[in-house]
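Subject: A structure to look through, with notes

Dear colleague,

I am passing on the structure that we talked about, and I would be glad if you opened it before you read my notes. Please keep it beside the text as you go, so that each residue can be found when it is named.

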Amino acid sequence: MIRNERISPVQLSFIMIGFIFGSSAIITPAVSAYQDAWLAYIIGWIGGYILIGIYAYISILNPSKTFIEILRDVFGKYIGSIIGIFYIWYFFHLAGLVFRNLGEFMIVSIYTETPLIFIIISIALVLAYSLKKGLEVIARVGQIIVPIMLILVISIFLLVMGHYEVKNLLPFLEHGFLKVLKVGFSVLTFPFGETVVFLMIFPYLNDKKDLFKTTYISLTVIGIILLSVVMSNLMILGADMLNRQIFPSHITISLIPGIAVEPFIAINLIIAASMKITMCLYASLIGITQLFGLDDYKPFINSVVAIAVVISIWVYDSLSDMVRWAGEIYPYYVIPFQIIIPLLILIILKIKRKNGSSAL
């Protein structure tokens, strides 16, 4: 462990809720299933329990080790380090993607005349400061602000209930179950599979016997909230409009009369997306220091944040390119990171554990 930092199960739970919420409330691949978006979301959500269970089990088998250390133990120093480099890249890339999602939403919905780079850099400076304060401070902040985010989301959900049209949920399975299943897989990879980042965070939990309980409670809470968002957007906008809108939640909340809700949505998104970006960058920093046998990650904070900002600008040519890439390429790009390698690690660990027990 690089730093003697510890977080409680409650703090981990709030961090996970904020992380999964991230940009998922405004951008969700479930809309591609049209009126069956709710079913596609539920399929991805159920799969999320399996993936998070795998990640938690890997950590329980290696309670004091981060994912980089586990990779080295399982695959050997050199191969494990190479795989670790690819994971660090993925954490960088994911941070850049969320930076871009956040920036694009702010420009389209609120700050229409503000340069994208200005918004991203402004947020990046604050996140660099939070990283310098360490994981414990980040966790305490999350414990305070994530509940505020949840209260705002629930309040908005209740305010728009009068506009619901249940008929927008029909006809059921018009495009076939295979279409729903495919979209459900996209939901699995974004946002639930992205919690693979927490394999770099789990070792800092001060009470690891509650790891399964903490992760599953977090997934249940945020899963219900995100399902409510999907259902609200679908029942208010209808399947066709939902699929055509890049940020459907913004259109939905504009129906609330007499209240300027844009600032509340901006607050929600900044809180959740910042939590997600911070965890990705923290995981990258810990991974870099462990790969090179260093004692402190702080000297690399500014460089790491700057790289994430550059990736956020470089990764997409336009807003439409962002939407296309997220829907058509990202679900397959992340399969090795989220599914194949963690599953392979768990199998190898179980075989080693069984052979070790047999030898005794």
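The notes below go through cavities, a helix, some backbone details and salt bridges. Please keep in mind throughout that this is a predicted model.

Cavities

Rolling a probe the size of a water molecule over the atoms shows where empty space is left. In this model the search gives 2 cavities of 30 Å³ or more, and the largest cavity has a volume of about 140 Å³. Its lining is made up of 14 residues, of which Leu97, Asn101, Phe190, Tyr316 and Ala326 are the closest to the centre. Two helices, H4 (77-109) and H13 (319-328), each contribute at least two residues to the lining of this largest cavity. If you sort the lining residues of the largest cavity by character, you will find 11 nonpolar, 1 polar and 2 charged.

The second largest cavity holds about 60 Å³ of space. Among the residues that line this second cavity are Ser24, Thr28, Tyr41, Val187, Phe190, Pro191 and Leu226. Helix H8 (residues 211-237) gives the most to this lining, with 3 residues. Sorted in the way used above, the lining of the second largest cavity has 10 nonpolar residues, 2 polar ones and no charged ones.

Helix H1

Does the length of helix H1 fit its number of residues, and where does the helix sit, buried or exposed? Helix H1 covers residues 9-21, and at 1.5 Å a residue its 13 residues should span 18 Å, which agrees with the 18 Å between its end C-alpha atoms. As for its surroundings, 11 of the 13 residues of H1 are buried, so the helix is largely enclosed by the rest of the structure. The buried residues of H1 include Pro9, Leu12, Ile15, Phe19 and Phe21. Just after H1 comes Gly22, which takes a positive phi of about 30 degrees.

Backbone details

Most residues other than glycine have a negative phi, and most peptide bonds are trans. With that in mind, please look at the peptide bond that joins Leu170 and Pro171, which is cis with omega at about 0 degrees. Pro171 is found in the loop between helix H6 (135-159) and helix H7 (177-189). Another cis peptide bond runs from Phe190 to Pro191, with omega near 20 degrees, and Pro191 has its place in the loop between H7 and H8.

Two residues that are not glycine call for a careful look at phi. Tyr34, in the loop between H1 and helix H2 (37-61), has a positive phi of about 55 degrees, and its relative accessible area of 23% makes it partly exposed. Leu173, which lies in the loop between H6 and H7, has a positive phi near 55 degrees, and at 27% relative accessibility Leu173 also counts as partly exposed.

Salt bridges

Side chains of opposite charge can pair when their charged atoms come close. The structure holds 7 salt bridges, and I describe some of them here.

In one of them, the side chains of Lys65 and Asp73 meet at 2.3 Å, N to O. Lys65 is partly exposed at 30% relative accessibility, and Asp73 is partly exposed as well, with a relative accessible area of 38%.

Another salt bridge links the side chains of Arg100 and Glu104 at 2.8 Å, N to O. Both residues lie in helix H4, where they are 4 residues apart, about one turn of the helix. Arg100 is buried, with a relative accessible area of 4%, and Glu104 is buried too, with 8%.

In helix H13, Arg324 and Asp321 are 3 residues apart and therefore separated by about one helical turn, and their side chains form a salt bridge of 3.0 Å, N to O. Arg324 is partly exposed, with a relative accessible area of 37%, whereas Asp321 is buried, with 16%. Salt bridges that share partners join Asp321, Arg324 and Glu328 into one network.

With best wishes

Methods
Residues numbered from 1 in each chain as written. Predicted model: local features only at pLDDT ≥ 70, side-chain atom pairs only at ≥ 80, totals over all residues. Heavy atoms only, no water. 1 Å grid on protein atoms, 1.4 Å probe; cavity = no way out; pocket = protein on both sides within 12 Å on 5 of 7 lines; lining within 4 Å. Points joined across faces, edges and corners; volume = space filled by probe spheres on them. Nonpolar A, V, L, I, M, F, W, Y, C, P; charged D, E, K, R; others polar. Expected span 1.5 Å × (residues − 1). Buried < 20%, exposed > 50% of the residue type's maximum accessible area, 1.4 Å probe, protein only. Salt bridge = Lys/Arg side-chain N within 4 Å of Asp/Glu carboxyl O.
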